[in-house]
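Work through the exercises below with the structure open. Try each task before reading its solution.

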Amino acid sequence: MARAVKNKQKIINTVAAWGIGLLIFFPVLWTILTSFKTEAQAIADPPVFLFFDWTLENYAIVQERSDYMRYLWNSVIIAGVSTLVGIVVAVPAAWSMAFVPSKRTKDVLLWMLSTKMLPAVGVLYPIYLIFIQLGLLDTRTGLVIVMMLINLPIIVWMLYTYFREIPGEILEAARMDGASLRDEILYVLTPMAVPGIASTILLNFILAWNEAFWTLNLTAAKAGPLTAFIASYSSPEGLFYAKLSAASTMAIAPILILGWFSQKQLVRGLTFGAVK
Amino acid sequence: MATLHARSAARLMMAPAVVLLLGWMLVPLVMTLYFSFKRYLPLRGGDLGWTGFDNYVRFVTSSSFWPSVQATLIIVGGVLLITVVLGVLLALLLDQPMWGQGIVRILVIAPFFVMPTVSALVWKNMFMDPVNGLFAHLWKFFGLAPLEWLSQASLFSIILIVSWQWLPFATLILLTAIQSLDREQLEAGEIDGAPPLARFRHIILPHLGQAITIVILIQTIFLLSIFAEIFVTTQGSFGTRTLTYLIFQRVLESQNVGLGSAGGVYAIILANIVALFLMRIVGKNLDT
Amino acid sequence: MNLKTTLCAAGALALVATAGANAATTVTIATVNNGDMIRMQGLTEDFTSSNPDITLEWVTLEENVLRQRVTQDIAAKGGQFDVLTIGTYEVPIWGNNGWLVSLNDLPAEWDADDLLPAIRSGLTVEGDLYAAPFYGESSMVMYRTDLMAKAGLEMPDAPTWDFIKQAAAAMTDRDNEMYGICLRGKAGWGENMAFLTATSNSFGARWFDENWKPQFDSEAWANTLNFYMDLMTSYGPPGASTNGFNENLSLFQQGKCGMWIDATVAASFVTNPKDSTVADSVGFALAPDNGLGKRGNWLWAWSLAVPAGSDATDAAKKFIAWATSKEYTALVASKEGWANVPPGTRTSLYENPAYLEAAPFAEMTLNSINAANPKQPTVDPVPYTGVQFVAIPEFAGLATQVGQEFSAALAGQQSVEQALEKAQALTADEMEAAGY
């Protein structure tokens with residue numbers, strides 16, 4: 001009897017969760033489907049869902065018009081390097097905040113977060129002038145620096161919350177055994193924090209990948225990532241839903257696939273210390 | 001106990017991050033302050049001299065200022081409300097036993113990976129377009145006149161688009177928090193015969209407090225500066241001109257760098273008021 | 001190895017080195033994602049094969065993003081681009097600031113005298129041509145001949161606004177998603193304000209009087225806006241307040257509009273059977289008037305310019321001379337047919353029988369362009385030049401804000417009076433800030 005109730009409950013849960021899940025996923029699915037339609041089918045009335053003549057022509061057109069691989073490569077470099085550099089800068093800072101806290105630790109942490117509240121639009125002009133002076137316009141180096149600085153507060157904070165959960169006794173034991181500070185961080189702390197670091201890397205990679213203001217405004221022909229790629233497909237002349245969908249799919253596919261494969265790591269660490 | 005040696009080492013290790021962020025904050029800030037006291041019009045020859053507080057006065061007295069603050073707060077508040085409430089409900093549902101939980105989680109998480117420009121383009125064209133959008137077809141199917149989303153319900157449309165992007169983030173954090181809840185405690189509540197609603201109010205919700213605070217804090221930081229969603233959809237028409245967007249119009253469309261910089265200073269002040277407010281709460285909640 | 005071979009080898013090396021140095025000339029082109037520009041991008045092999053020492057890099061952006069990027073870069077002297085795609089609004093202002101390189105020294109065979117006078121004068125500042133027109137446009141009425149016949153009406157070559165209204169009423173069939181007229185409503189100085197400013201000229205309105213005093217409190221503006229609002233709410237498509245050029249083009253191509261008053265370049269898109277479902281039943285007429293002596297048509301040319309300070313000025317000029325030449329036109333014609341060549345820039349094109357044959361809209365386009373007079377855009381005298389814009393630096397920001405008020409009125413969020421009142425207030429405010 002109880003078993004039957006449980007099963008019934010489980011069926012209801014499953015149906016509800018799948019329904020909502022599909023609803024949330026639908027815009028992405030619809031975009032992917034539309035990218036395989038012809039322009040005429042993309043605006044067909046009533047809309048066609050699955051039964052249309054699947055075609056790859058939109059992808060061919062998009063690829064012919066813009067060199068996808070170059071944009072993709074720029075995205076990978078900018079998001080990847082900025083995240084890694086950020087981690088290198090943030091690990092020592094987060095370590096000292098977590099294990100040698102002072103009265104001001106929390107203030108420093110919150111101050112770091114508050115630097116993220118500078119409105120990007122308001123400082124575009126100053127940054128642009130600085131970039132001209134330093135010759136950083138339209139370079140991946142320039143964007144790596146900006147992306148790193150933008151995400152640094154989040155990286156420090158995430159790492160801090162993981163490190164804080166590592167019991168201090170372990171570190172003290174290591175210290176007793178004569179481990180230096182460097183050894184302590186490299187051989188004791190880091191292995192324990194790998195899940196946390198992994199999810200920090202993932203989250204910040206995603207944030208850097210999707211950033212669309214600086215990446216668009218500080219690049220021209222050479223360093224433009226996928227956010228710049230998509231800017232040439234919004235509202236062209238005439239019918240464009242299918243081409244827009246193809247370009248959109250190309251822009252989000254890499255990160256979507258990466259995200260799905262690594263979602264376990266991402267989710268495990270995505271707590272910001274909210275879970276004790 | 002932390003020794004003196006450890007303390008100075010700690011300070012040294014924090015230095016790179018602190019120095020970098022200090023530079024990233026101060027250099028643009030000082031330049032923005034500098035420009036804000038200038039009549040700086042690049043299209044009219046650039047620096048046209050000091051003007052005192054003229055830009056500041058002009059920016060607040062403009063008829064678009066208060067509506068833009070209001071729009072900013074409505075969008076941030078609306079998105080927070082939707083993502084937190086739906087996030088809690090969705091997290092509760094996903095915590096239940098079911099078949100294919102992993103796949104459902106993959107489906108729910110997807111919007112978070114979509115870049116804001118793409119999501120705004122997709123929503124605007126393929127869903128909210130009053131002639132060819134899917135919503136228009138849906139409305140017509142039920143015999144209703146298609147809604148002109150981006151003009152008639154502009155703020156709501158933007159809130160909807162942004163909420164869609166941030167719901168996965170809220171859900172995931174809340175779900176992890178729920179999963180860490182002590183099962184025995186819950187089951188004890190069940191055996192005591194406490195009704196589900198009471199269980200939710202007295203056991204689950206208090207436990208989620210901190211996670212909700214984190215969600216609100218992180219999202220607010222990102223939501224205060226949303227730009228792409230508005231640029232792509234309404235370009236600030238129909239009451240969707242946020243403070244960020246107003247500054248964009250001053251700096252880039254009107255090419256009035258001085259005026260825009262004054263606006264930037266106001267935006268920093270607004271952000272800090274919100275931040276202070278938030279950090280009071282978070283600071284309390286972060287004490288463990 | 002003797003000395004001779006060594007010398008030869010060294011010489012060869014030096015040659016290779018110079019060739020390498022030449023090959024390093026990279027021209028970065030910022031352009032808009034319009035169909036004609038995309039086509040140009042696809043045809044560049046013709047240019048690079050005869051100029052192997054020049055490499056072209058493209059930055060193709062959506063119109064609004066392009067404007068923002070290009071303006072930002074030239075104002076801050078970022079020097080990221082060697083060729084800019086800009087319009088008749090930017091050229092006089094930027095040319096005056098000394099930000100553009102004069103194109104007076106383009107080769108004689110490029111034939112500057114062949115350019116349409118109206119277009120050429122819009123791109124010239126004090127005798128210097130600062131940009132080469134890639135395609136030029138005015139605006140005109142595009143209408144469905146089949147629907148007009150069904151309604152028992154005949155479109156004159158030069159219709160009045162009253163006739164347009166009458167025809168719109170006759171063609172509208174809302175139950176079948178058939179809308180009598182499609183017009184721009186999307187806010188933006190290059191969107192609804194381009195249309196409305198041009199239209200206001202035919203109603204005798206103007207932006208400023210001779211003392212730069214804003215005129216939105218005039219009766220002529222009230223008439224313009226009331227007429228437009230009435231037309232659109234009665235016979236326009238839903239969501240008109242978010243429709244720009246592209247949205248309307250797509251509606252017209254789908255056969256949902258009876259009439260569309262917009263850029264003349266759209267003529268080749270709506271008559272192209274590949275994209276348009278109504279290709280064989282489109283007619284053209286001049287933009288309407290009100291009997292006041294001015295028609296509601298504008299003048300625009302997407303043009304290529306070289307920013308001062310570019311490090312590849314010569315190569316950039318070479319490219320521009322290629323892209324805006326008669327030979328380029330012939331190249332497009334040989335690959336895509338005469339109907340698809342970039343229109344509206346050269347007299348010779350409109351004397352070419354092959355083009356006139358292939359493009360039924362050619363004559364109307366030329367007449368529309370010739371009918372626009374940027375120096376005297378409206379009935380009353382004005383202190384500015386520009387038909388659908390006012391060539392002052394503040395206009396873009398200002399008109400976009402005014403456009404947002406008008407767009408909100410079209411969406412029913414405020415009355416025409418309120419919109420005009422706000423437009424007047426914010427224009428006065430911005431002009432004061434700019435020091436008029």
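The exercises that follow concern a predicted model.

**Exercise 1.** Find the disulfide and state which parts of the chain it ties together.

Solution.
- Step 1. A disulfide is a covalent bond between the sulfur atoms of two cysteines.
- Step 2. The cut-off for the sulfur atoms is 2.5 Å. The sulfur atoms of C:Cys182 and C:Cys257 are 2.0 Å apart, and the two residues form a disulfide. Over all chains, the count is one disulfide.
- Step 3. C:Cys182 belongs to strand 8 (residues 179-182) of chain C and C:Cys257 to strand 9 (residues 257-263) of chain C, so the link ties together parts that are 75 residues apart in sequence.
- Step 4. The angle about the S-S bond is -85°, and the link of C:Cys182 and C:Cys257 is left-handed.

**Exercise 2.** Decide whether C:Cys182 and C:Cys257 are buried or exposed.

Solution.
- Step 1. Buried means under 20% relative accessible area.
- Step 2. C:Cys182 has a relative accessible area of 0%, so C:Cys182 is buried.
- Step 3. C:Cys257 is at 1% relative accessibility and therefore counts as buried.

**Exercise 3.** Place B:Arg11 in chain B and in a surface patch, and classify its exposure.

Solution.
- Step 1. B:Arg11 sits in helix 1 (residues 4-36) of chain B.
- Step 2. Exposed means over 50% relative accessible area. B:Arg11 is at 60% relative accessibility, so B:Arg11 counts as exposed.
- Step 3. Together with A:Lys103, A:Arg104 and B:Arg7, B:Arg11 forms a positive surface patch.

**Exercise 4.** List the buried residues of helix 6 of chain B and name the residue with positive phi that follows this helix.

Solution.
- Step 1. In helix 6 (residues 134-141) of chain B, the buried residues are B:Leu134, B:Phe135, B:Ala136 and B:His137.
- Step 2. After helix 6 of chain B comes B:Gly143, with a positive phi near 75°.

Conventions. Residues are numbered from 1 along each chain as its sequence is written. Chains are lettered from A and ligands numbered from 1 in the order in which they are written. This is a predicted model: local features need pLDDT of at least 70, side-chain atom pairs count only at pLDDT 80 or more; totals for chains, interfaces and linings use all residues. Side-chain values use heavy atoms; hydrogens and water are left out. Patches are made of residues with over 30% relative accessible area and no salt bridge: like charges are joined within 9 Å, nonpolar side chains (Val, Leu, Ile, Met, Phe, Trp, Tyr) within 5 Å. Accessible areas come from the Shrake-Rupley method with a 1.4 Å probe; for residues, only the protein chains shown count as cover. A salt bridge is a side-chain nitrogen of Lys or Arg within 4 Å of a carboxyl oxygen of Asp or Glu. Lys and Arg count as positive and Asp and Glu as negative; His and the chain ends are not counted. The place of a charge is taken as NZ of Lys, CZ of Arg, CG of Asp or CD of Glu. Helices (H or I, at least four residues) and strands (E, at least two) are DSSP runs, numbered from the N terminus. Buried means under 20% relative accessible area, exposed over 50%, partly exposed in between (1.4 Å probe, protein chains only).
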